[in-house]
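User: I would like a close look at a single part of this protein. Please pick one helix, describe its surroundings, and then place it in the rest of the chain.

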Amino acid sequence: MRAGENPIGVDKLLAEVPDKYRVALRDELERYQTDVESSSIGNQATASDVALATDFPDSAELAEISRSAASAPTEHSSLGDLSGTAAVTRCETFANLSAEVAESLRSRLVEQSFAAGTPLLIQGEPARGLLLLLTGSVDIVDVLAGERIDVDGAGSVMGEMSLLTDQPCSASVTATTDVTAFVLSAADYHELKLAHPELEIALSQLVSDRLGGRKHDALCGKVIGNYRLDRCINRGGMGVVYGATHSQTGAPAALKMLRHRFIYDDTMQNRFDQEASLLARLRHDNVVSYQENFVAYRTRFLVLDLCDGADLFQLLRKHGPLNESATRSILGQIAKGLQYAHQAGVIHRDLKPGNVLVDRKGVVKLTDFGLSKLLESEVPAGKAVGTPAYMPPEQFRSENVGPASDWYALGCLACEMLTGRILFRGSDWRNLYEQKLLSKTSSQWPPITVSPELRAVIVGLLAQQPEDRVFDYESVIGWADTAPLQLIQL
């Protein structure tokens with residue numbers, strides 16, 4: 001719902017709910033959907049780097065945005081009464097393994113028992129192997145921070161991050177009751193993953209979900225490359241962004257990490273590399289600055305200048321609609337960044353509030369060029385990429401995607417700044433596409449109350465056909481310094 005997509009399989013899931021709860025639950029879901037569709041933050045992706053890619057308009061199945069969240073269980077069932085292979089396939093982490101791989105994994109697992117109080121994993125030491133809990137429960141504790149991270153029980157998998165990244169354990173795991181578990185030795189894991197990459201992919205998904213879902217982030221406090229990771233700033237479908245400090249110079253930086261679930265995904269790897277390549281050629285006050293990129297912890301990191309502030313998505317969530325003066329200032333600075341990027345032959349293709357940073361001095365910077373393209377490059381036929389609420393009609397069709405496509409997204413963004421509401425709200429791609437085909441600029445649309453000058457600019461940006469869109473960069477750039485944005489408390 002937050003991503004503006006229709007929840008998949010709700011009716012099927014509701015059919016499994018007891019009759020006495022089903023009607024009330026359906027009503028609650030419908031009320032929630034109404035709430036998020038009427039808000040400025042509910043009907044869009046909540047992280048700056050989430051975007052969809054799917055066939056359009058023949059898209060019966062919607063592209064899925066993965067925002068898994070791990071939470072501590074309140075009850076622990078037992079897998080101990082199942083046969084070995086059944087216990088593996090019942091485990092959520094391994095549920096999608098092929099029968100061959102599941103059986104190969106089971107053949108290497110050794111069942112062991114641990115008395116209450118026994119340490120299963122020790123922070124700062126390599127994992128002795130991969131553990132799948134069958135019975136009992138464990139505490140997961142960051143000993144250095146003195147923080148309890150989680151409580152896990154039957155079906156939980158542990159030791160995956162150490163094995164995947166070849167790094168010491170980031171936390172200690174201790175049995176709180178008598179525990180039985182399947183143990184896969186580190187040597188057997190490394191042998192199995194070479195024969196069956198599917199196993200490493202399953203563990204990569206688990207690492208990705210845990211880094212993206214738990215309040216405690218296992219990488220915070222670690223030194224990776226030349227940077228100490230201080231805090232997690234943002235989590236999205238493609239990456240996790242950390243605030244960091246250079247271990248030698250003390251300079252602040254932002255590290256964007258490609259999620260581990262994509263270590264075997266060539267498309268995402270290439271997209272990450274493309275973002276680094278494009279940012280390396282862009283140097284402008286209104287574009288986030290690139291420093292370097294490197295490989296560590298079995299994935300890729302992109303180092304950017306740290307913005308001491310918030311993104312426009314967060315700003316609107318906190319403050320609601322902006323006045324015309326503040327809107328003009330932001331639009332002027334975005335226009336500067338866009339003009340520079342377009343002159344450099346780069347189209348952003350995913351301009352939205354989450355990809356516009358505002359620092360505490362009021363400086364606006366464009367970020368997240370992961371979906372950008374060079375003007376001379378081709379777009380794969382039949383593939384639409386971007387965030388649907390802000391995409392122009394031609395971007396849905398992957399036709400004529402050029403500077404005017406970014407202009408249209410800027411028009412949508414301008415309306416949202418002024419109203420606090422997303423201009424186009426819908427439940428799926430087709431619905432949004434049809435809305436955009438039916439929406440024509442007029443004295444009533446878009447529904448904003450602003451000066452004639454600003455309305456004329458926005459109307460010019462929102463023309464349906466790219467050849468009809470008008471954007472006078474220089475006039476809008478002149479608005480860049482008209483409002484003291486630093487007075488907006490971030």
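Analyst: What follows takes helix α10 and works outward from there. The model is predicted.

Start with the helix itself. α10 runs over residues 324–343, which makes 20 residues. Is its length as expected for a helix, or not? At 1.5 Å a residue it should span 28 Å, and its end C-alpha atoms are 28 Å apart, so the two values agree.

Both ends have a feature to note. At the N-terminal end, Asn323 acts as the cap. A side-chain oxygen of Asn323 lies 3.2 Å from the backbone nitrogen of Ser325. Just after the helix comes Gly345, with a positive phi of about 85 degrees.

Is α10 mostly covered or mostly open? It is mostly covered, with 15 of its 20 residues buried. For the chain as a whole, buried residues make up 53% of the 490 residues.

Now take one residue, Ile334. Ile334 belongs to the largest nonpolar core, which has 67 residues. Together with Leu312 and Leu351, Ile334 touches the most other members of that core. Helix α12 (residues 403–419) gives the most to this core, with eleven residues. Which residues does Ile334 touch, once neighbours within four places in sequence are set aside? They are Leu351, Val356, Val364, Leu366, Leu410 and Leu413. Another core lies apart from this one, with 43 residues. Val157, Leu199, Leu206 and Val207 are among its members.

A further helix packs here. The buried residues of α14 pack against α10, α12 and α15 (473–477). α14 covers residues 452–461. Its buried residues are Leu454, Arg455, Val457, Ile458, Gly460 and Leu461. A helix has 3.6 residues a turn, so residues three or four places apart point the same way.

Before α10 in sequence there is a hairpin. Strand β14 (residues 290–296) joins strand β15 (residues 299–304) through six bridges, and the two run antiparallel. Glu292 has Val303 in β15 as its bridge partner. Two residues sit between the strands, and Tyr297 takes a positive phi near 50 degrees in this hairpin.

Elsewhere in the chain is an open sheet. Its four strands follow the order β2-β9-β4-β7, with antiparallel pairing. The edge strands are β2 (110–114) and β7 (157–158), each pairing on one side only. Between β4 (residues 129–135) and β9 (residues 179–185) there are six bridges. Thr135 has Thr180 in β9 as its bridge partner.

Edge strand β2 holds Gln112. Gln112 is partly exposed, at a relative accessible area of 30%. Leaving aside neighbours within four places in sequence, Gln112 is in contact with Val179, Thr180, Ala181 and Val183. Gln112 and Val179 are 67 residues apart along the chain, yet their C-alpha atoms are separated by 8.4 Å.

Last, the whole chain. It has 15 helices and 21 strands. Take the contacts between residues at least 6 apart in sequence: 69% of them join residues at least 24 apart. The chain exposes about 21700 Å², and carbon and sulfur atoms supply 49% of that area.

Technical notes
Residues numbered from 1 in each chain as written. Predicted model: local features only at pLDDT ≥ 70, side-chain atom pairs only at ≥ 80, totals over all residues. Heavy atoms only, no water. Buried < 20%, exposed > 50% of the residue type's maximum accessible area, 1.4 Å probe, protein only. Contact = heavy atoms within 4.5 Å. Areas by Shrake-Rupley, 256 points an atom, 1.4 Å probe, with all protein chains shown as cover. Expected span 1.5 Å × (residues − 1). Polar contact = N/O pair within 3.5 Å; in protein donor to acceptor, adjacent residues only side chain to side chain. Core = buried A, V, L, I, M, F, W, Y, C linked by side-chain atoms within 4.5 Å. Pairing = 2+ DSSP bridges.
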